[in-house]
Amino acid sequence: VELNSTYRRSRTNCASTNTAKAKATMTMSIIMRMMLILVSAAAAAFLINSHTQPESATSHRHLRLDPKTVLLKSDPDSDSPALVADESNGIHEIPPVYTYECPDHRDFDRFLHKGIDPDGANKLSFLSGALTTVSETLSGLTDTKIVLIGDSVMHQIYLSLSCMSHRAGAWESNTSFVGDRRVWLKNNSEIIFSMWGGNLLRFDWNKRTYDQPPSDDNDPFYDNTDWIEACEKREPFQQVTYNKAANSNILSSKSENDHTFEEKIVLTRDDNVFIYGTLHNHGVHRIENMQKLHRLFECMAEAKSLNEVPGTGWPAFTYIATPAQHFPGSADGHWSGPTDLSLTCSHRVDISENQFYEEENQLEGKVSMIGREIGTSKMGDYHLGLRRVSNRQMTVDCTHWSMPGVPDLYAKEVMKSIDSVSIKELSSPPNKTR
């Protein structure tokens, strides 16, 4: 009886011990599974961040991409600058297309690596191959002036061209730029920016722009610089710009009639002009600008048909389609007033009903047009967005772009169009000279 009783107690104790061990094993298993899940989630988050996020919002270091991303490769047989992603450790590193090594320009700092997504904008520029296109085109350019006429958005395209041409080693020297308006290149070529060129554009302000004649129109220095009048007289187109004596930081002469640092140049059949109606639409300025452009192109076509183009010829004209704006609250993104600072630029907009788009359709057949193929309506994330305009004032800027970025895509199209068929036919040698 004692043995049986002892045996029963022993079996009960063993069962209790086994149950406790089973519970402990199950608890440890659950803990191990939870730890594995947490470690996996942390590892996934690290990999995602290392592949897609910049190291710092202000560091502007190389952007990391997924290894599957197709990147620009340098041609070993080309003299183009080597801008290739670092592929060490299976991760692509994208360098800035250009940075502060470019000679300083007025206002360049407020665009450079600034904006809603500056790393994404740089990636866009890099993958477009804009630097390679600019480098290759300029290497074959001789005795050519590239003139860009427009507002601050066109000025960004000028900044892009001047900076990428410097990066490509195409400048005549490191000091070959003046007044944020003119760059001298090798092979006797130039890049020129003008807000007023040809007296074709007006803006929303009443102050005199840098290369614009005085309001009294009595300064003989500006004779024959109105291109519509020159066309009607069958005379060459002349442009006022800075000369090499100007300091690189000069913006304007001290007085309207002081032309110490200016010169008047003639544009010939070897030159290229790029222009657009501007984004300034207060009053009737945009309408007037477009009307003047129509008059000029029609006059040039008439002169060509009558063999009355002057002996020097006229430059080739290309119209740049107006880039999209992305202001919130408007279907087409057009600016309609101050924007709430708590908002940001729309990711994409619908430009099918945009008045600028419709106006520019009427230029079809009159002049070559570039820019629509870029598709800026879907690029709202590459604007400057919220930025400071003074010590006490902020604004939401859905007009101007982060750089490097969208302006480089336009610069690429400018380079591609130089050899394309456009109104350049009007610059062909005439059968009769006036």
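Contacts that bridge distant parts of the sequence dominate this predicted model: of the contacts in the protein with a separation of 6 or more, 73% join residues 24 or more positions apart. The secondary structure that these contacts tie together comprises 8 helices and 13 strands. Of the 434 residues in the protein, 49% are buried. The surface left exposed amounts to about 21,800 Å², and carbon and sulfur atoms account for 52% of that area.

Turning to the interior, the largest nonpolar core brings together 79 residues. Within this core, Ile146 and Leu296 have the most contacts. Helix 4, spanning residues 152-167, gives the core its largest share, with 8 residues. A closer look at Leu296 shows which partners surround this residue: setting aside residues up to four places away in sequence, Leu296 touches Leu200, Trp227, Ile228, Cys231, Phe237 and Phe317.

Helix 3 offers a helpful second view of the interior. This helix covers residues 130-139 and is mostly covered, with 8 of its 10 residues buried. The buried set begins with the run Ala130, Leu131, Thr132, Thr133, Val134 and Ser135, and Thr137 and Leu138 complete it. Their packing partners are both helical and extended: the buried residues of helix 3 pack against helix 2 (118-128), helix 4 and helix 8 (406-417), as well as against strand 3 (145-149). Helix 4 therefore appears twice in this account, as a neighbor of helix 3 and as the source of the largest share of the nonpolar core.

Conventions:
Residues are numbered from 1 along each chain as its sequence is written. This is a predicted model: local features need pLDDT of at least 70, side-chain atom pairs count only at pLDDT 80 or more; totals for chains, interfaces and linings use all residues. Side-chain values use heavy atoms; hydrogens and water are left out. A nonpolar core is a set of buried Ala, Val, Leu, Ile, Met, Phe, Trp, Tyr and Cys residues joined through side-chain atoms within 4.5 Å. Buried means under 20% relative accessible area, exposed over 50%, partly exposed in between (1.4 Å probe, protein chains only). Helices (H or I, at least four residues) and strands (E, at least two) are DSSP runs, numbered from the N terminus. Contact means heavy atoms within 4.5 Å. Accessible areas come from the Shrake-Rupley method with a 1.4 Å probe; for residues, only the protein chains shown count as cover.
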